[in-house]
Amino acid sequence: DCKGHYVVHHTDERLSEKKRDKLQDAALRRILPTIRSLGMSSSVDIVVCSNLNFRELQELQEASQARGSAGIKAAINKHKDKGHQAHQNEFAVLEDLLGNLRSAGAVFVYTQKEDMCLLLPLAQ
């Protein structure tokens, strides 16, 4: 058990504590095996999303690899004004989180919508 090795952040601020725990468990089930297989033993940041879909997360990943933090910002801005309010709010929270977590180097992002995750590189 690597309890001390991860910090979980939620982008959906409306969730109840119970729902957060449930989402966190689902995310960890999906992510912990990857953390182990990559041999990541330092602190890992995990961002858990409720309404964002995996394709959108992949866009962020591709943008980050191509253009670093400017790419992420552009990709987020593209989505921030689209969709329903909860979706927009989540992108706004995600943007803040990623800005604050930049020193982590990379974060795992999990989406409940499709029960999938990816490793998002963050430019220093």
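**Exercise 1. Determine what share of the 124 residues in the protein chain is buried.**

Solution. Buried residues account for 45% of the 124 residues, where buried means under 20% relative accessible area, exposed over 50% and partly exposed in between (1.4 Å probe, protein chains only). The structure is a predicted model, in which local features need pLDDT of at least 70 and side-chain atom pairs count only at pLDDT 80 or more, whereas totals for chains, interfaces and linings use all residues. Residues are numbered from 1 along each chain as its sequence is written, and side-chain values use heavy atoms, with hydrogens and water left out.

**Exercise 2. Describe the fold of the protein chain and state its order of elements.**

Solution. Step one is to count the elements: the protein chain contains 3 helices and 4 strands. These are DSSP runs numbered from the N terminus (helices H or I, at least four residues; strands E, at least two). Step two is to read them along the sequence, which gives the pattern β-α-β-α-α-β-β. The radius of gyration is 14 Å, close to the 14 Å that the globule rule gives for 124 residues, so the protein chain is as compact as a globular protein of that length. The radius is taken over C-alpha atoms, and the rule is 2.2 Å times the number of residues to the power 0.38. Step three concerns contacts (heavy atoms within 4.5 Å): of those between residues at least 6 apart in sequence, 66% join residues at least 24 apart.

**Exercise 3. Establish whether Ser 50 is buried or exposed, and identify its surroundings.**

Solution. First, locate the residue: Ser 50 lies in the loop between β2 (44–49) and α2 (54–80). Second, classify it: Ser 50 counts as buried because its relative accessibility is 6%. Third, list its contacts: beyond the neighbours within four places in sequence, Ser 50 touches Thr 11, Asp 12, Leu 15, Leu 23, Glu 90, Gln 112 and Lys 113. Finally, the side chains of Ser 50 and Asp 12 form a polar contact at 3.3 Å. Such a contact is a pair of N or O atoms within 3.5 Å; within protein, one must be able to donate a hydrogen and the other to accept it, and residues adjacent in sequence count only if both atoms are side-chain atoms.

**Exercise 4. Characterise the setting of Val 8.**

Solution. Val 8 belongs to strand β1 (residues 6–10). With a relative accessible area of 21%, Val 8 is partly exposed. Apart from neighbours within four places in sequence, Val 8 is in contact with Gln 24, Ile 46 and Val 48.
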